Amino acid sequence: VRNDTVASAGEHALIERVRERAGAPPVWVTVGIGDDAAVVEPERGASIVVTTDTLVEGVHFRRDWTPAGAVGHKALAVSLSDLAAMGATPRASLLSLALPADLPLADFDALVEAFVALANRWGAPLVGGNLTRTTGPLVAGSTAFGSVRARRLMRRSGGRPGDEMYLTGAIGAAAAGLATLQAGVDRATLSGNEADAVQRYERPEARLRCGTGIARARAASACIDLSDGLADAVRQIAQASGTGAVVLADALPLHPAVRTWAEREHGDAARLAITGGEDYELLFAVRPRQRRAFLTAARRCSGLPLTLIGKLTAEPEVLLERNGTAEPLGAGFTHF
Ligand SMILES: [Mg+2]
């Protein structure tokens with residue numbers, strides 16, 4: 001056994017390395033790492049929101065492509081994105097790792113450090129988790145806890161026909177970033193929009209300021225994050241709300257890297273952006289009479305653009321309108 005792998009360190013030493021990196025917890029964590037369980041106290045009148053996600057080597061990342069720090073960052077970012085979609089403020093996080101014995105200790109440390117850095121940045125300190133050895137691929141699972149007042153909670157099901165759909169940021173970045181990595185482009189040579197796309201694929205940023213800000217203003221009727229792509233998100237909101245939807249292709253905020261990709265590959269930029277997963281933007285449904293309150297709250301989302309991309313409809317179909325004709329919006333990314 002090499003003396004710089006997780007197997008050579010042993011479980012107790014690994015937990016100690018996690019504890020050192022996690023640092024001291026904030027006041028709402030009354031029992032942190034080191035007991036059988038953590039204790040997190042919610043504020044009076046708040047609901048606890050809980051979500052969990054798993055990243056699996058070979059399915060979500062490749063150890064030969066993906067820096068260990070990116071795995072740690074993304075493992076938590078995807079859960080924080082779910083909290084953002086519910087309008088919840090992050091409060092605590094858990095990290096569960098299945099470790100191949102030959103994983104270098106330096107990779108273990110980098111993964112934990114990136115997870116903790118993101119956790120602390122959003123006030124969701126790492127308060128526990130689990131470590132196990134595996135004979136299979138590296139698995140990084142996160143659980144995130146948030147809190148939100150019940151009347152501010154945003155769900156997928158609150159939309160109505162006539163509601164406008166607004167999208168944060170730009171879509172297609174993660175799909176373009178993944179396509180760039182798959183094409184075997186040397187990441188040292190990347191710059192500009194392509195480098196940004198790879199960064200967004202590997203280290204997505206949960207839109208927490210926007211999600212909690214709009215929830216606080218109670219300006220949206222429904223919200224979802226784009227973990228599995230825009231097509232899937234629109235479908236999920238429409239289905240949960242009992243509506244259809246029309247998305248306007250010309251209105252979509254496409255990341256510049258997806259246009260570059262489409263030109264190079266003679267592909268369909270809008271299609272890739274719509275069906276590609278992992279952008280982790282937020283999609284909101286907004287009543288027309290709430291538009292002004294929504295846009296006011298949105299302006300405080302730290303400079304993140306919000307784009308009107310279509311609306312919910314009484315007809316049950318979920319459509320993409322482009323060049324004056326309507327086509328089915330199609331499906332997003334599916335895992336199976
Ligand atoms: Mg989600």
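Which residue with a positive phi follows helix 5? That residue is Gly-184, with phi near 75°. The structure is a predicted model, in which local features need pLDDT of at least 70 and side-chain atom pairs count only at pLDDT 80 or more, while totals for chains, interfaces and linings use all residues. Residues are numbered from 1 along each chain as its sequence is written, and side-chain values use heavy atoms, with hydrogens and water left out. Helices (H or I, at least four residues) and strands (E, at least two) are DSSP runs, numbered from the N terminus.

Helix 5 itself makes a good starting point. Eight of the 10 residues of this helix, which spans residues 173-182, are buried, so helix 5 is largely enclosed by the rest of the structure. Here buried means under 20% relative accessible area, exposed means over 50%, and partly exposed lies in between (1.4 Å probe, protein chains only). The buried residues are Ala-173, Ala-174, Ala-175, Ala-176, Gly-177, Ala-179, Thr-180 and Leu-181. Their cover includes helix 6 (192-202), helix 9 (256-265) and helix 10 (269-275).

Two sheets can now be taken in turn. Strands count as paired if DSSP finds at least two bridges between them. An open sheet of four strands follows the order 3-6-4-5 and has mixed pairing. Its edges are formed by strand 3 (46-56) and strand 5 (126-134), each of which pairs on one side only. On average, neighbouring strands of this sheet are turned by 15° against each other, direction ignored. Axes are lines fitted to C-alpha atoms, for helices over the stretch in contact, and angles run from 0 to 180 degrees between N-to-C directions. Strand 3 runs antiparallel to strand 6 (residues 139-149), and 11 bridges join the two. Within this pairing, Thr-54 has Gly-141 of strand 6 as its bridge partner. Helix 2 (residues 11-22) lies across strand 4 (89-100) and strand 5, and runs at about 150° to strand 5; contact means heavy atoms within 4.5 Å.

The other sheet is also open, with seven strands in the order 8-10-7-11-9-12-13 and mixed pairing. Strand 8 (222-225) and strand 13 (325-328) stand at its edges with a single partner strand each, so one side of each is left without a neighbour in the sheet. Neighbouring strands here are turned by 30° against each other on average, direction ignored. Strand 7 (residues 164-168) and strand 10 (residues 282-286) run antiparallel and are joined by four bridges, and Leu-167 stands opposite Leu-283 in strand 10. Helix 11 (residues 291-299) packs on the sheet, where it touches strand 7, strand 10 and strand 11 (306-313), and its direction makes about 5° with that of strand 7. Helix 3 (residues 68-86) lies across strand 8 and strand 10, running at about 175° to strand 8.

Empty space was examined next. Rolling a probe the size of a water molecule over the atoms shows where such space is left. On a 1 Å grid over the protein atoms alone, a cavity is a set of points where a 1.4 Å probe fits but cannot get out, and a pocket is an open set with protein on both sides within 12 Å along at least five of seven lines; lining residues have an atom within 4 Å of a point. Grid points are joined across faces, edges and corners, and a volume is the space filled by probe spheres set on the points.

The second largest pocket holds about 360 Å³ of space. Among the 20 residues that line this pocket, Ile-15, Ile-33, Gly-128, Gly-129 and Asn-130 are the closest to its centre. Helix 2, strand 4 and strand 5 are the elements that give two or more residues to the lining, and strand 5 gives the most, with six residues.

The structure holds one cavity of 30 Å³ or more, and the largest cavity has a volume of about 60 Å³. Its lining consists of Leu-55, His-60, Phe-61, Thr-66, Ala-70, Val-71, Lys-74, Tyr-201 and Glu-202. Helix 3 supplies the largest share of this lining, three residues.

Finally, two residues other than glycine deserve a look. Arg-218, in the loop between helix 7 (208-216) and strand 8, has a positive phi near 50° and is partly exposed, with a relative accessible area of 44%. Glu-278, in the loop between helix 10 and strand 10, has a positive phi of about 70° and is buried, with a relative accessible area of 18%.
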